[in-house]
2 protein chains.
Amino acid sequence: MKHNFGAGPCILPQEVFKQASQGVLNFNDTGLSILEISHRAPEFIAVMDEAISLVKELLNVPTGYSVLFLQGGASLQFAMVAMNLLEEGQTAAYLETGMWAKKALAEAKIFGNVNVVASSKDANFNYIPKNYSIPKDSAYFHCTSNNTIFGTQLHNFPASPVPVACDMSSDIFSRSINVADFGLIYAGAQKNIGPAGATLVIVKDEILGKVTRQIPSMLNYKTQIEGESMYNTPPVFSVFVSLLNLRWLKSKGGIAVIEQENEAKAKALYTEIDRNPLFKGTTTVEDRSNMSVCFVMENPDHEKAFLKLAEDKGCVGIKGHRSVGGFRASLYNALPITSVHVLIEAMQEFQEKN
Amino acid sequence: MKHNFGAGPCILPQEVFKQASQGVLNFNDTGLSILEISHRAPEFIAVMDEAISLVKELLNVPTGYSVLFLQGGASLQFAMVAMNLLEEGQTAAYLETGMWAKKALAEAKIFGNVNVVASSKDANFNYIPKNYSIPKDSAYFHCTSNNTIFGTQLHNFPASPVPVACDMSSDIFSRSINVADFGLIYAGAQKNIGPAGATLVIVKDEILGKVTRQIPSMLNYKTQIEGESMYNTPPVFSVFVSLLNLRWLKSKGGIAVIEQENEAKAKALYTEIDRNPLFKGTTTVEDRSNMSVCFVMENPDHEKAFLKLAEDKGCVGIKGHRSVGGFRASLYNALPITSVHVLIEAMQEFQEKN
């Protein structure tokens, strides 16, 4: 039995894998594979419609927002956000909390000016800056809700005088959010949504159409909204599996239930990190992520042996990113708490032996 | 038993569906689903490497070319080609042979000038223009090798004094091509490559890096080449299934073998269209596509009844595009000739009854 703590693409529910596998052989009793069905077939249009409608239901998306399934991942959104929202000569405000935030603002610079309103670069991004101000004349404010590499998370979003664009790739659907607080939310699917290859965008319609540059059709949110995420052939299988996963989340009781489970998983692991003298967390306590738990060992020489012990117990994907070192346990929605207990047991066993 | 003549996403080999379905449950005996594996895992890097290397082998790609698996489909390539190859103020030459060619040139206009060197718009795109000339000062010449909607195909590519960029979405891997004749080839995966969600690009390295505009990282071929198609998380599953399909093609004997099969399938169907007085082809005979066979009925009132008869025999996806009407039978690589025979039988049976 494998316990998949991988940072993404990541674990999805076992029943989703079973249904997805079946859909590859025979989709909805059509006698055809989901891989060979036309995206214009009523059966697939129903998949897209239900996926979009479940996103709206689970996140309580207010009217006036469009939900899109696109391609290209969050990395393409880094450019699309600025291309669609940042007029040449205007300035966008960015919060720099890690590598993904840095990449996002680098792409925005191609289209306009970028004002980094706050950064935690001074401490290798081990905290979330607070008490910064967002200039009223910014085109938008951009932030990254969860920093997978550094293990920090925005537990509160700042009040903003301008639309907030947020990269929620690694914690969307893991906790309740108030969509009305955002102008645009985007997320690569490959954490809590579905498999790699789809990108979710939730955008407030009224913020669009204000820049004067010509935008290629595929990169224009308005084209994608008009095309109902089918301006061209969508990533059919990724959307199908996202639907299966969103159905699973709904059947569990939705965001309220999964948020409690996620908090319990994170609490259990952080408690052990704080209790066990061999381990320590890498971020300020108040900014700890419930999705991406980063920790190192007091004695770095122990890390190789601990990794081996954890792997022997079936824990995979716990090696930390090279920017931080040590370990990273990603506790995405589909990871059962029993897997967290296995990792904790490994930590305790290692302590006993050393 | 279904006979899938759909225009795309389309039929893939049954054994590919079986292997893909198994990979969703347990990929390469890792104990993990292909959907939950990291794209940085050695097991997936091996998938990407083998897929790229099979593209090179099957198409005989010369040195000096890079092979990429991207996202966004051919529609995003319409913009990327011009963004990467067309300097502002320069002119690109386009051959207008159908709806996809029109869309491609519309996107190019955002980045520079477009010179439509020839068009078959005058006859609802039912032929391929010939005897046009490509100005020597064009940035590149763009053409669409197969026109799915109108049923025409470039059986020969023009000699060009400038790099040729070709949309081969619907006939790549169906026939032999000389890659050295092209500067850039692109294709949405969802015909003869694999499932929707991946896009294949084959580009001659030396034509890149010549425009002065700043290009977003994800849309810059050079970034994608440097990142070896993993600048960000690739569409893991679509690449995996593309690999399975390319392996299938190789095991059959490669392009030479499939090209003969494709010619035999097309010949059988066109022979019946020409023989059967109830049906007629919609394109000039010399430009008929071997992939997309378009035909109508002499008496349009018969079309509904014929569609019903064909569907009763298991033929799906044969309804023609609204721009042409009638029928379209897509004869992609994985469609067995036995399916073509079933369609022919339906045509003969319909003739007998009427």
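**Chat: two chains and two domains**

Me: Starting inside chain A: how many residues of domain 1 are in contact with domain 2?
Reply: In this predicted model, 24 residues of domain 1 of chain A are in contact with 24 residues of domain 2 of chain A.

Me: Which elements of chain A give two or more residues to the domain 1 side?
Reply: Those are β6 (146-147), β7 (152-153) and α6 (236-252) of chain A. The largest share is from α6(A), with three residues.

Me: And by class, what's on that side of domain 1 of chain A?
Reply: Eight nonpolar, 11 polar and five charged residues.

Me: Where do the domains of chain A start and end?
Reply: The domain assignment puts domain 1 at 14-252 and domain 2 at 254-353. Their centres, taken over C-alpha atoms, are separated by 27 Å.

Me: Zooming out, how many helices and strands does chain A have?
Reply: Nine helices and 14 strands. The radius of gyration of chain A is 21 Å, close to the 20 Å from the globule rule for 354 residues, so chain A is as compact as a globular protein of that length.

Me: What about box size, and how much of chain A is buried?
Reply: Along the principal axes, the C-alpha atoms of chain A fill a box of roughly 65 × 55 × 30 Å. As for burial, 54% of the 354 residues of chain A count as buried.

Me: OK, switching to the two chains. How many residues does each put into the contact?
Reply: Chain A puts in 48 residues and chain B puts in 48 residues. On chain B, α1 (14-25), α3 (73-85) and α6 (236-252) each supply at least two residues, and α1(B) gives the most, with five residues.

Me: What's the class split on that side of chain B?
Reply: There are 25 nonpolar, 20 polar and three charged residues on the side of chain B that touches chain A.

Me: What turn lays chain B on chain A?
Reply: A turn of 180° with a shift of 0.0 Å along the axis, giving an RMSD of 0.0 Å. That's the relation of a two-fold axis.

Me: Which residue of chain B comes closest to the rotation axis?
Reply: B:S21, with its C-alpha at 2.2 Å.

Me: Why say the copies meet through the same surface?
Reply: Because 100% of the interface residues of chain B are also interface residues in chain A.

Me: Last topic: which residues have the most contacts inside the largest nonpolar core?
Reply: A:Y94, A:L200, B:Y94 and B:L200, in a core of 232 residues. Leaving out residues up to four places away in sequence, B:L200 touches B:V55, B:F69, B:Y186, B:A187, B:A189 and B:I193.

Note on methods
Residues numbered from 1 in each chain as written. Chains lettered and ligands numbered in written order. Predicted model: local features only at pLDDT ≥ 70, side-chain atom pairs only at ≥ 80, totals over all residues. Contact = placed C-beta atoms within 7 Å. Helix = DSSP H or I, 4+ residues; strand = E, 2+ residues; numbered from the N terminus. Nonpolar A, V, L, I, M, F, W, Y, C, P; charged D, E, K, R; others polar. Least-squares fit on C-alpha atoms with pLDDT ≥ 70 in both. Core = buried A, V, L, I, M, F, W, Y, C linked by C-beta atoms within 7 Å. Buried ≥ 20, exposed ≤ 12 C-beta atoms within 10 Å, placed from the backbone. Rg over C-alpha atoms; globule rule 2.2 N^0.38 Å. Domains from an automatic or database assignment.
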